Each structure stands twice: as C-alpha cells, then as structure tokens.
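User: I would like to go through the labels attached to this model and see what each one rests on. Please set the values against the cut-offs.

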Amino acid sequence: DDKAVHEQLDCWCKTNDKEKTQAIAVGEAKQSELEAFLGVAVAKLSELQAKRDATLDEVNKDEAALQEASAIRMKDNKVF
C-alpha cells in the first residue's frame, strides 16, 4: 500500500513539475513579449506627442496670423 501511494505521488510530482516548468517558460516568454511591446508603445506614444505638439504650435501660429490679417483688413476697411 505504501509503495502504491509512493508511486502515485512520485508520478504526480513528476507530472506536476513538468507542467509547472512549462507554464513558467510560457509565462516568461509572454512577459518578454509584453515588455518588448511596451517599449514600442512608449516610443510610438512619444512620437505622437511630439507630432501633436508640433501641430498645436502650427495651429496657434496660423490662428495668430489670421488674427493679425483680420486686424489689418479691419484697419484698411476703416481707412477706405
């Protein structure tokens, strides 16, 4: 009876160890994949933020130029 229990536990330990080792390897691979993705995502986020900032600066400059042109036009209309 003890021998049968020992064999069952030994088999369970070996099977469990194999499954857990495989699960750990899969988890580590997934972790590496996610870390690489995060690096790419952070770089893309920085790029998009820089583009957004440049676009906002351009919009602000265009808005200022429009205001200036409108003021000049109003002044010219008053003179005319």
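User: What makes the contact between arginine 52 and aspartate 53 a salt bridge?

Analyst: This is a predicted model, and in it a side-chain nitrogen of arginine 52 lies 3.3 Å from an oxygen of aspartate 53. The cut-off is 4 Å between a side-chain nitrogen of Lys or Arg and a carboxyl oxygen of Asp or Glu, so the pair qualifies.

User: Why is aspartate 53 called partly exposed?

Analyst: Its relative accessible area is 38%. Buried requires under 20% and exposed over 50%, so aspartate 53 falls in between.

User: How many salt bridges does the whole structure have?

Analyst: The search returns four. Among them is the one between aspartate 10 and lysine 14, with an N to O distance of 3.3 Å. Another joins lysine 51 to glutamate 47 at 3.5 Å, N to O. Both distances are within 4 Å, so both pairs meet the criterion.

User: Where do aspartate 10 and lysine 14 lie relative to each other?

Analyst: Both are in helix α1, four residues apart, which is about one turn of the helix. Lysine 51 and glutamate 47 are also four residues apart in helix α1, again about one turn.

User: Why is lysine 14 called exposed, and why is lysine 51 called partly exposed?

Analyst: Lysine 14 has a relative accessible area of 52%, and exposed begins over 50%, so the label applies. Lysine 51 has 49%, which is not over 50% and not under 20%, so lysine 51 counts as partly exposed. The acidic partners also fall between the two limits: aspartate 10 has 33% and glutamate 47 has 37%.

User: How do you know that cysteine 11 and cysteine 13 are not joined by a disulfide?

Analyst: A disulfide is a covalent bond between the sulfur atoms of two cysteines. The count for this structure is zero. For cysteine 11, the nearest cysteine sulfur is that of cysteine 13, 9.3 Å away. The limit is 2.5 Å, so the sulfur of cysteine 13 is too far from that of cysteine 11 for a bond.

User: Are these two cysteines buried or partly exposed?

Analyst: Cysteine 11 has a relative accessibility of 48% and cysteine 13 has a relative accessible area of 40%. Both values lie between 20% and 50%, so both cysteines count as partly exposed.

User: What secondary structure does the chain have, and where is cysteine 11 in it?

Analyst: The protein chain has one helix and zero strands. Cysteine 11 belongs to that helix, α1, which covers residues 2-79. The C-alpha atom of cysteine 11 is 80 Å from that of alanine 65, 54 residues away along the chain.

User: How do you know that the protein chain is not a compact globule?

Analyst: A compact globule of 80 residues would have a radius of gyration near 12 Å, whereas this chain has 34 Å. The C-alpha trace spans about 115 × 15 × 10 Å along its principal axes.

User: What share of the residues counts as buried?

Analyst: Of the 80 residues, 0% count as buried. The accessible surface comes to about 7600 Å², with 60% of it belonging to carbon and sulfur atoms.

User: How many charged side chains of each sign are there, and how far apart are the centres of the two sets?

Analyst: There are 12 positive and 17 negative side chains. The centres of the two sets are 8 Å apart.

Key: Residues are numbered from 1 along each chain as its sequence is written. This is a predicted model: local features need pLDDT of at least 70, side-chain atom pairs count only at pLDDT 80 or more; totals for chains, interfaces and linings use all residues. Side-chain values use heavy atoms; hydrogens and water are left out. Helices (H or I, at least four residues) and strands (E, at least two) are DSSP runs, numbered from the N terminus. Buried means under 20% relative accessible area, exposed over 50%, partly exposed in between (1.4 Å probe, protein chains only). The radius of gyration is taken over C-alpha atoms; the globule rule is 2.2 Å times the number of residues to the power 0.38. Accessible areas come from the Shrake-Rupley method with a 1.4 Å probe; for residues, only the protein chains shown count as cover. Lys and Arg count as positive and Asp and Glu as negative; His and the chain ends are not counted. The place of a charge is taken as NZ of Lys, CZ of Arg, CG of Asp or CD of Glu.
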